[in-house]
Amino acid sequence: MDAIESQLAVRNKCEQLQKSIKELYDWEQQMKSADSSKAHQVDSETPSLPPVRSDVKAMEEFSKECGSTEKQDQAGGETVDKKLFAEAEVLKEQANRQCKLGNFQEAIDLYTKAIGTYAENPVYYSNRALCYMNVEQFTECLEDCSVAIGKDPTYIKAYYRRMQAFERLGENEKAIAECRLILKLSKDENELATTKRDLARLEKRVAQREPSPKKDKPQTAEMNETLALVKQEADKYKEIGNKHLARKDFQKALSCYTKAIALYNSEAVYYNNRSLCHWNLKDYDQCLADCNKAIQLNESYFRPYYRRMQVRELRGAYQSAIDDCRKFLELTTDAKQKITAEKDLVRLERLLKSDEPVKQTFVWSEIKKNAKLIQFVQKPPHMRSKKPLRRVPINDVPADAPKLITPTFKPAPKPTERANISDAIIDNMFNNHTGEQLPPEPEEKTNLEHLFPAHSNKLRNMFSPPTTPTSDQRKMLHTVPVAKPSSTVTKAVEMNGGPQQPLHNKTEKDKINLENQDLNEKSTSKRAPIVATLTKPTAVPPKPKSSAQFYTTWSGLDEELRYQYLLTLKDIPLRTLFGASLSNEMLSELLYILQKRFIQDRIDVTNIMQEIARNESIGILSLMMNTKDRNAIAHLLKFMQDQHVEKNIIETIKKKLLT
């Protein structure tokens, strides 16, 4: 046995031991509680003697008291029985689910708890008998069926399951007797038809086993014939399972092989085929168990060795897998199977000799497929935390709130690296000018002449700083005539690369700057009509033809024009115009106009609100609404209610926008 198998075996033994110890403690507590309740009853019972018979009034009162106490006891007993029955029904439903999943042992435990809670229902015993039969505990199955029949002699399922248990045990005569009882008691056509088929099968089996008149067959021969008939029935289930296995319906194939094993558990082929189903269903524990059982029944059967080799390789037990592979090569006679097994043997030996650690490719959830789910820990009230939960308030951020800027902190310089601050700077910070004065800051001169070529006067005029002439200079500019340079002079200047000598006359410079300023003013006056065309419109725009046109037009309108624009669109399908581009800001603007202007003028808003509610993005937009938007929707819904709009329309809009 490898390390993982031994760990699993130890863990299972520990779980069983813990369970048995817990049952002992529970039994001790039950006995103590029963003794204490009995002692309490004895102490609480006070003998109450009846009054003297001659006192008629006292006798009447005594009889009334006795009658009332009996009624109370009956009523209390009925309520207790109902509570216990309800608890037992919950356990029964849980057991039924486990039984459908194939977890028969867990179902047996739950049915046992249900019987311990309320033992008067025969269904619990019958269902537990079915689970016992599936795990091949036929004696317990017969006992439960008998108890169920004793509690309800007309319970057909108990008779039928007892018949099945008798048949599995090979007691066909008793099974026939149960079938005849079912035919007498049952009135259901389906039950009668099924029982008749079973009775015919059992009678045929009994007829085939009857000894000849000579009675020359010994008892061992009769037993061999019985086993042959049982194996024949089991082979039928095996054939059905093979068909399901060919269709890769592993769950149904597993069920068929299990039924075959229940009928005849001495055939290694059944266990080997079922191990293949467990392998494909990734239930490796059951696969390994079936392989071991098949090898135990027939050590010369080669197929389970190969399946067990696969499981052991998957779990990292390479040495055990190599032993199984060699045994498979020793037993098999098929050439193709030998070639495949030899390749597997080489691979396993390489893995065993490699210095790399063993790669555990399996998952514990796959090894233990039917693992129990660990529920959350439910702490009792006295162990829970007494601190209340802290609520985090969520407030709307106002529009005029300053945006938070995450400061970027720089490390402070070292004292040796810090510059000295003069007293004049400190005095200037605190408006104290009694100390020393700061030296005048030097003026920075900018000279951009080197950036422009000599012939680019337009660029020089654009980037040169303007100068404002004085009044005397303006008079001089008006009196001094300026002659325009001729074309020949201009060409000569351009050919020579610009003026050779700079202008030293300040009056001429001021004149040039003034002319440039006049030219700029004239150019702006010429562009004035173009700018006027880009201002906001003063008339109501026409109806838009697309979503982009609607949003572009809406963004350029003021409040009055938006109101007039929305009036023209209140009866058309706005859902197509909103589209997927409807934003939170746009929705707020629409609600603001509807609340402020439409309610004031008593204009119907039903169509617009319906179109807003039908938008695809309204579910997300409704989550991002602020308090102002929600108040606007509430006012609009109240206005629609005053306008006698249908209630279902209002509820639909409210559900979409406010919930």
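This passage goes through the overall make-up of a predicted model, its confidence, and two of its helix pairs.

Taken as a whole, the protein chain is a helical affair, with 29 helices and 0 strands. It runs to 659 residues, of which 29% count as buried. Once contacts with a separation of 6 or more are singled out, 59% of them in the protein chain join residues 24 or more positions apart.

Confidence is uneven. The mean pLDDT of the protein chain comes to 75, and 68% of the residues reach at least 70. Broken down by element, the lowest mean belongs to helix 20 (residues 487–495), at 42, while helix 11 has the highest, at 92. Two stretches that score below 50 are worth setting side by side. Residues 355–367 fall below 50 in pLDDT, yet the model gives this stretch 21 contacts beyond near neighbours in sequence. Residues 524–534 are also below 50, and there the count of such contacts is 0.

Helix 11, then, is a good place to look at packing. Helix 11 spans residues 268–280 and is partnered by helix 12 (residues 284–297); their axes come within 8 Å and cross at roughly 165°. An angle over 145 degrees counts as roughly antiparallel, so helix 11 and helix 12 are roughly antiparallel to each other. Their crossing is left-handed. On the helix 11 side, the contact is made by A268, Y271, N272, R274, S275, H278 and W279, and these meet Y284, Q286, C287, D290, C291, K293, A294 and L297 of helix 12. By type, the residues of this contact split into 8 nonpolar, 4 polar and 3 charged.

Earlier in the chain sits another pair, helix 4 (residues 122–134) and helix 5 (residues 138–151), packed at an angle of about 165° with axes 8 Å apart. Helix 4 and helix 5 are therefore roughly antiparallel to each other, and here too the crossing is left-handed. From helix 4 come P122, Y125, S126, R128, A129, Y132 and M133, which touch F138, E140, C141, D144, C145, V147, A148 and K151 in helix 5. The make-up of the contact between helix 4 and helix 5 is 10 nonpolar residues, 1 polar and 4 charged.

Terms used
Residues are numbered from 1 along each chain as its sequence is written. This is a predicted model: local features need pLDDT of at least 70, side-chain atom pairs count only at pLDDT 80 or more; totals for chains, interfaces and linings use all residues. Side-chain values use heavy atoms; hydrogens and water are left out. Axes are lines fitted to C-alpha atoms, for helices over the stretch in contact, and angles run from 0 to 180 degrees between N-to-C directions. Helices (H or I, at least four residues) and strands (E, at least two) are DSSP runs, numbered from the N terminus. Angles under 35 degrees count as roughly parallel, over 145 as roughly antiparallel, 65 to 115 as roughly perpendicular and the rest as oblique. A crossing is left-handed if the near helix is turned anticlockwise from the far one by less than a right angle, and right-handed if clockwise. Contact means heavy atoms within 4.5 Å. Ala, Val, Leu, Ile, Met, Phe, Trp, Tyr, Cys and Pro count as nonpolar, Asp, Glu, Lys and Arg as charged, and the others, Gly among them, as polar. pLDDT is the predictor's confidence in each residue, from 0 to 100. Buried means under 20% relative accessible area, exposed over 50%, partly exposed in between (1.4 Å probe, protein chains only).
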